[in-house]
Amino acid sequence: MHLREPQTQTLQAIPDGVAGIEATLAHMMDYVREYKKDPQVRGLARELTLSLPQKHFSGEVEALFEFVRDEIRYLWDIADVETLQTPVVTLENQSGDCDDKATLLAALLESIGHKTRFVAAGFQPGQYEHVFLETKIGNNWIALDPTEPVPMGWTPPGMRARMVRHN
């Protein structure tokens, strides 16, 4: 299997405020579109879900969520520098911050057919400081925050701002 050159992108030209959040989410969405087709990403998703009964969709989501939550260490970006890793780099480093973990989880889920969307969250109106993922199971969007030791469906308490972008 031929692997792509690892990439970590420093997002230095990102504007401040809401425009910066939108630009970061756009980069994340680009990575998901590209890496959901990556053989390493799809192979890992297949491996992590192989023992489940066919069409056990919530089990697939849970297996991938728990892998990213438990096996990929949360690690802050460089001080005062926003960076964004490809899903392959996050796997190779076994670490990343909230946007890296959410991007990896989205790519894993999308590689086996699950729809996803990113949620930028803020705890003061109009200010965003965290991102997590939601995936659709049946007719419901389920929150997945792989940066906290919490189950599927948990959302950060006290959210006062929410921006959603579909992959």
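How many bridges join β6 to β7, and in which sense do the two strands run? Five bridges join the pair, and the strands run antiparallel. This is a good way into the predicted model shown above, so let us start with the sheet and then move on to the helices.

## The sheet

The four strands form an open sheet in the order β7-β6-β5-β8, with antiparallel pairing. At its edges stand β7 (140-144) and β8, each with a single partner strand, so one side of each has no neighbour in the sheet. On average, neighbouring strands are turned by 30° against each other, direction ignored.

If you would like to find the register by eye, one bridge from each pairing is a handy landmark. Between β6 and β7, L133 has L144 in β7 as its bridge partner. Strand β5 (residues 116-122) pairs with β6 (residues 130-137) in the antiparallel sense over six bridges, and there A120 is partnered by V131 of β6. On the β8 (residues 161-166) side, β5 again pairs in the antiparallel sense over six bridges, with H166 in β8 as the bridge partner of R117.

How enclosed is β5 by the rest of the structure? Seven of its seven residues are buried, so the strand is largely enclosed. Both faces are covered: on one side T116, F118, A120 and G122 are buried, and on the other R117, V119 and A121.

Helix α1 (residues 17-35) packs on this sheet and touches β5, β6 and β8. The direction of α1 makes about 30° with that of β8.

## The helix pairs

Two packed helices are described by the angle between their axes and the distance between the axes. Here are those values for two pairs that involve α3.

| Helix pair | Axes come within | Crossing angle |
|---|---|---|
| α3 (residues 57-71) and α5 (residues 98-111) | 10 Å | roughly 150° |
| α2 (residues 39-49) and α3 | 9 Å | roughly 115° |

Take α3 and α5, whose axes cross at roughly 150°. An angle over 145 degrees counts as roughly antiparallel, and that is therefore the description of α3 relative to α5. Their crossing is right-handed. On the α3 side the contact is made by V61, L64, F65, F67, V68 and R69, and on the α5 side by K101, L104, L105, L108 and L109. Sorted by class, this contact has nine nonpolar, no polar and two charged residues.

Next come α2 and α3, which are roughly perpendicular to each other. The crossing of this pair is right-handed. Here L44, A45, L48 and T49 in α2 meet E60, A63, L64 and F67 in α3. By class, that gives six nonpolar, one polar and one charged residues. You may like to highlight L64 and F67 of α3, which appear in the contact with α5 and also in the contact with α2.

## A residue to look at: D99

Is D99, which lies in helix α5, buried or exposed? D99 is buried, with a relative accessible area of 4%. Not counting residues up to four places away in sequence, D99 touches T24, M28, E82, T83, L84 and V131. One of these, V131, is the β6 bridge partner of A120. The C-alpha atoms of D99 and A120 themselves are separated by 9.4 Å, with the two residues 21 residues apart along the chain.

Notes. Residues are numbered from 1 along each chain as its sequence is written. This is a predicted model: local features need pLDDT of at least 70, side-chain atom pairs count only at pLDDT 80 or more; totals for chains, interfaces and linings use all residues. Side-chain values use heavy atoms; hydrogens and water are left out. Buried means under 20% relative accessible area, exposed over 50%, partly exposed in between (1.4 Å probe, protein chains only). Two strands pair if DSSP finds at least two bridges between them. Axes are lines fitted to C-alpha atoms, for helices over the stretch in contact, and angles run from 0 to 180 degrees between N-to-C directions. Angles under 35 degrees count as roughly parallel, over 145 as roughly antiparallel, 65 to 115 as roughly perpendicular and the rest as oblique. A crossing is left-handed if the near helix is turned anticlockwise from the far one by less than a right angle, and right-handed if clockwise. Contact means heavy atoms within 4.5 Å. Ala, Val, Leu, Ile, Met, Phe, Trp, Tyr, Cys and Pro count as nonpolar, Asp, Glu, Lys and Arg as charged, and the others, Gly among them, as polar.
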